[in-house]
Amino acid sequence: MTVVAIPAYEPDHRLVDLATALHERDPSLDIVVVDDGSGVASAPVFASLEAAGIAVLSHGANRGKGAALRTLFRHARTAHPDAPVVTADADGQHAPDDIVRVAREVEGSPDAIVLGVRDFRGDDVPLRSRFGNAVSARMFAVATGVRVVDTQTGLRGLPAAALPWASRLPGDRFEYEAIMLLRSARAGFRILQTPIRTVYLDENRSSHFRPLRDSLRVVAPLAAFLASSVLAAAVDALLLWLLLLASGWLQGSIAGARLVSASLNFAVNRIWVFGRRRQRAPLRVELARYAALAAVVLVANVTLMTILDALGVGLVIAKVVTEAALWLAGFLVQRAWVFAHARAADRAPVKPLVLA
């Protein structure tokens with residue numbers, strides 16, 4: 001048995017149509033819906049679902065998609081402890097056949113999260129959807145090294161083993177799904193992708209996704225990494241210039257600037273970027289890891305800057321080239337090792353992307 005979990009906020013008849021179609025295609029699916037504070041106007045929709053024997057959970061007030069998904073996951077773990085869960089949207093944008101296909105995929109992949117991915121090409125795709133996915137997909141690839149075709153898809157299959165982990169993830173609204181993807185590989189889950197139909201109804205007006213506000217929520221986990229690195233780089237560059245002006249000693253100026261900027265970067269990453277993580281490593285462990293990384297980066301930084309200076313490259317250009325060469329490697333090591341979760345599952349090696 002697979003549970004189909006549908007968070008719903010102010011749904012219309014399309015939710016009833018979807019539930020009916022799913023039951024016709026596969027009666028073994030257990031469909032569960034969360035009324036996420038929809039109000040009186042949507043009461044007939046939920047009444048129709050309950051009359052059809054579909055479980056409807058309720059939030060007294062709107063709490064957001066992330067909170068609704070966690071409620072659904074907890075219900076699934078209680079009602080069907082060994083069953084995988086497929087999440088789907090309530091607005092009719094996921095075809096019943098695609099939902100069933102994702103269910104079959106996740107049933108056969110107990111160590112993977114299955115994504116139903118859309119093709120964003122074509123004139124019928126709204127501009128805001130095409131642009132939003134292009135930006136988030138590229139940022140996701142930079143942050144994780146994994147290429148995901150559709151980072152915004154709400155059609156996902158989670159194996160039973162992933163539900164306790166997913167129930168603890170932070171984020172109450174649309175950012176929750178981005179956080180899930182960002183942390184899935186580190187938690188030991190493969191990402192499988194299977195193509196689905198691209199369905200947009202009335203230019204996607206039924207979606208409750210607010211382009212500006214919710215896009216900021218989605219990219220916030222990535223932006224936090226980037227902002228911290230930019231801040232440290234700016235401090236490093238300013239101190240390098242000041243120390244070099246005062247002393248005229250390139251190598252000593254690089255070391256002094258790096259020591260201050262690295263300390264700032266560690267503090268910001270630990271308090272702000274990773275401040276909400278549970279079961280993290282002790283401070284002394286993270287500090288030791290970061291110090292080891294900083295030492296390696298320092299040696300590489302001094303070496304590259306010295307070589308470029310000897311070649312007659314200007315200080316500004318040399319600094320930009322050096323930082324560009326070292327930033328991505330340092331960024332990925334911080335994400336995967338320095339601030340990694342203490343749990344064994346989160347220390348599992350990242351498995352390669354598999355396209356279903």
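Let me begin with β2, helix α2, which covers residues 43-51, and β3, since together these three elements form a β-α-β unit that is right-handed. I should say at once that we are looking at a predicted model. Within that unit, β2 and strand β3, residues 55-59, run parallel and are joined by 5 bridges, and in β3 it is L57 that stands opposite V34.

From there I would like to move to the packing. The largest nonpolar core comprises 32 residues, and F73, W165 and M180 are the ones with the most contacts inside it. The elements that contribute two or more residues to this core are β1 (3-8), β2 (30-36), α3 (65-79), β5 (112-117), α6 (163-168) and α7 (175-184), so that β2, which we met in the β-α-β unit, appears again here. Apart from this core lies another one, of 28 residues, which includes A8, L29, V102 and L192.

If we take M180 by itself and leave aside its neighbours within four places in sequence, its contacts are F73, R156, L158, W165, A166 and L169; among these, F73 and W165 are the residues named a moment ago alongside M180.

Finally, let me turn to L304, which is found in helix α10, residues 283-310. Is L304 buried or exposed? Its relative accessibility is 31%, and because buried would require a value under 20% and exposed one over 50%, L304 counts as partly exposed. Setting aside neighbours within four places in sequence, L304 is in contact with T322, A325 and L326, while the C-alpha atoms of L304 and V321, which are 17 residues apart along the chain, are separated by 8.9 Å.

Note on methods. Residues numbered from 1 in each chain as written. Predicted model: local features only at pLDDT ≥ 70, side-chain atom pairs only at ≥ 80, totals over all residues. Heavy atoms only, no water. Helix = DSSP H or I, 4+ residues; strand = E, 2+ residues; numbered from the N terminus. Buried < 20%, exposed > 50% of the residue type's maximum accessible area, 1.4 Å probe, protein only. Contact = heavy atoms within 4.5 Å. Core = buried A, V, L, I, M, F, W, Y, C linked by side-chain atoms within 4.5 Å. Pairing = 2+ DSSP bridges. Right-handed = clockwise from strand over helix to strand, strands pointing away.
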